[in-house]
Amino acid sequence: MKSCIHTHTIFCDGADTPRCMAKAAVAAGIETLGFSGHSFIAAEQFGIPPERLAEYQTAVRQTALEWNGSLTVLCGLELDEMAPPTDCSGFDYIIGSAHGVKGADGSWVMVDNTPAQLEEGIRCQFGGQGIQLAKAYYEQFAAFLAYLRPDVVGHFDLVRKLNAGARYFDETDPVYQTAALEALDLVLDLGLVFEVNTGAVAKKLRRTPYPDEFLLRRILEKNGKVTITTDAHSAQTLTAGAAEAEAGLARLGFRTVWDLTAQGWQERPVMA
């Protein structure tokens with residue numbers, strides 16, 4: 001893994017400092033390390049508070065100076081659909097993500113926090129129908145991405161994180177897959193780069209990365225771009241699942257992936 005750009009530190013919900021993450025990146029042979037702290041979600045008191053963004057940026061820039069010559073360090077932000085308007089200046093790149101979906105009464109339902117929270121949201125906001133939550137998730141996320149135009153599309157189908165064993169909806173249901181594919185097609189038309197995110201695999205919540213294989217096949221069919229990320233929340237997980245994800249892309253027929261560097265996106269051959 002040469003480029004690792006979806007990472008979290010102690011500035012949000014990560015376990016390690018930027019310096020610690022950089023040291024591990026150099027040891028792993030990573031050439032570009034991007035920090036992508038969570039934007040602030042007031043309802044959950046989650047992410048980097050606006051008043052600490054400058055401190056976060058300074059810490060990342062100091063890490064870049066410390067490792068100059070052996071590691072390229074980029075300062076990014078994972079901007080969430082639930083976050084208030086955020087000044088994106090001063091960041092090298094933006095990951096656009098959705099960790100929740102707006103319910104019938106306008107309140108947000110988190111899709112990746114706890115099963116109890118998700119179940120309550122489905123019951124109260126979506127008439128007890130998990131498939132309705134999933135459909136709303138894709139419709140809203142596609143609209144957000146069209147507005148934001150981020151550098152990276154974050155874990156496109158995060159809505160399935162807690163859905164192992166079809167706990168809330170059937171992921172093989174044509175209704176679900178049609179909703180996901182329609183949203184995907186809209187985003188593909190924007191020319192954005194999709195991350196193949198191994199975070200749920202590393203946490204043993206799911207067996208395959210985001211996006212699911214049927215979505216990756218559509219991305220391949222439409223000549224979309226993908227980058228491999230690990231959504232690392234610690235130095236120990238910087239490369240977790242990356243090799244397996246790349247092998248999976250090769251098996252599906254991908255010939256190249258894209259790595260973000262200080263010079264922008266660079267295409268390279270997939271290594272099976």
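Which residues is His233 in contact with, leaving aside its neighbours within four places in sequence? The exercises below take up this and other points. The structure is a predicted model.

**Exercise 1. Place His233 and list its contacts.**

Step 1. Find the residue. His233 sits in the loop between E9 and H8.

Step 2. Decide whether His233 is buried or exposed. The cut-off for buried is under 20% relative accessible area. His233 has 17% relative accessibility, so it counts as buried.

Step 3. List the contacts. Leaving aside neighbours within four places in sequence, His233 is in contact with His8, Asp13, Gly14, Ala15, Asp16, His38 and Lys203.

Step 4. Check a distance. His233 and Arg251 are 18 residues apart in sequence, and their C-alpha atoms are 28 Å apart in space.

**Exercise 2. Describe Ala232 and Asp231, which are also found in the loop between E9 and H8.**

Step 1. Start with Ala232. Its relative accessibility is 0%, so Ala232 counts as buried.

Step 2. Look for partners beyond four places in sequence. Ala232 touches His6, Thr7, His8, Met21, Thr237 and Leu238.

Step 3. Compare chain and space. Ala232 and Thr198 are 34 residues apart along the chain, with 8.8 Å between their C-alpha atoms.

Step 4. Turn to Asp231. At 13% relative accessibility, Asp231 counts as buried. Its phi is positive, about 50°, although Asp231 is not a glycine.

**Exercise 3. Find backbone features at Asn223 and Pro211.**

Step 1. Recall the background. Most residues other than glycine have a negative phi, and most peptide bonds are trans.

Step 2. Take Asn223. This residue follows H7 and lies in the loop between H7 and E9. Phi of Asn223 is positive, near 60°.

Step 3. Judge the accessibility of Asn223. Exposed means over 50%. Asn223 reaches 69% relative accessibility and therefore counts as exposed.

Step 4. Take Pro211, in the loop between helix H6 (199-202) and H7. The peptide bond from Tyr210 to Pro211 is cis, and its omega is near -10°.

**Exercise 4. Work out how H4 and H5 pack.**

Step 1. Know what to look for. Two packed helices are described by the angle and the distance between their axes.

Step 2. Read the geometry. The axes of helix H4 (residues 130-148) and H5 come within 9 Å and cross at roughly 0°.

Step 3. Apply the cut-off. Angles under 35 degrees count as roughly parallel. H4 and H5 are therefore roughly parallel to each other.

Step 4. Name the contact residues. H4 gives Ile131, Ala134, Lys135, Tyr138, Ala142 and Leu145. H5 gives Val175, Tyr176, Ala179, Ala180, Ala183, Leu186 and Val187.

Step 5. Sort these residues by class. The contact has twelve nonpolar residues, no polar ones and one charged.

**Exercise 5. Say which residues of H7 are buried and what covers them.**

Step 1. Pick out the buried residues. In H7 they are Phe214, Leu215, Leu216 and Ile219.

Step 2. Find the cover. It includes helix H5 (174-188), strand E8 (193-197), strand E9 (225-229) and H8.

**Exercise 6. Describe the two largest pockets.**

Step 1. Take the volumes. The largest pocket has about 310 Å³. The second largest has about 220 Å³.

Step 2. Look at the lining of the largest pocket. It has 19 residues. Asp13, His99, Asp112, Lys161 and Lys203 lie nearest the centre. By class, five lining residues are nonpolar, eight polar and six charged.

Step 3. Look at the lining of the second largest pocket. It has 17 residues, and Thr208, Pro209, Glu244, Ala245 and Gly248 lie nearest the centre. Eight are nonpolar, four polar and five charged.

Step 4. Trace that second lining to helices. Helix H7 (213-221) and helix H8 (242-252) each supply at least two residues. H8 gives the largest share, six residues.

**Exercise 7. Locate Gly76 and describe its surroundings.**

Step 1. Place the residue. Gly76 is in strand E3 (residues 72-80).

Step 2. Judge the burial. At 0% relative accessibility, Gly76 counts as buried.

Step 3. List the partners more than four places away in sequence. Gly76 touches Phe35, Ser36, Gly37, Tyr56, Phe91 and Tyr93.

Step 4. Check a distance. Gly76 and His6 are 70 residues apart in sequence, with their C-alpha atoms 8.5 Å apart.

Definitions and conventions:
Residues numbered from 1 in each chain as written. Predicted model: local features only at pLDDT ≥ 70, side-chain atom pairs only at ≥ 80, totals over all residues. Heavy atoms only, no water. 1 Å grid on protein atoms, 1.4 Å probe; cavity = no way out; pocket = protein on both sides within 12 Å on 5 of 7 lines; lining within 4 Å. Points joined across faces, edges and corners; volume = space filled by probe spheres on them. Nonpolar A, V, L, I, M, F, W, Y, C, P; charged D, E, K, R; others polar. Helix = DSSP H or I, 4+ residues; strand = E, 2+ residues; numbered from the N terminus. Buried < 20%, exposed > 50% of the residue type's maximum accessible area, 1.4 Å probe, protein only. Contact = heavy atoms within 4.5 Å. Axes fitted to C-alpha atoms, helices over the stretch in contact; angles between N-to-C directions. Parallel < 35°, antiparallel > 145°, perpendicular 65-115°, else oblique.
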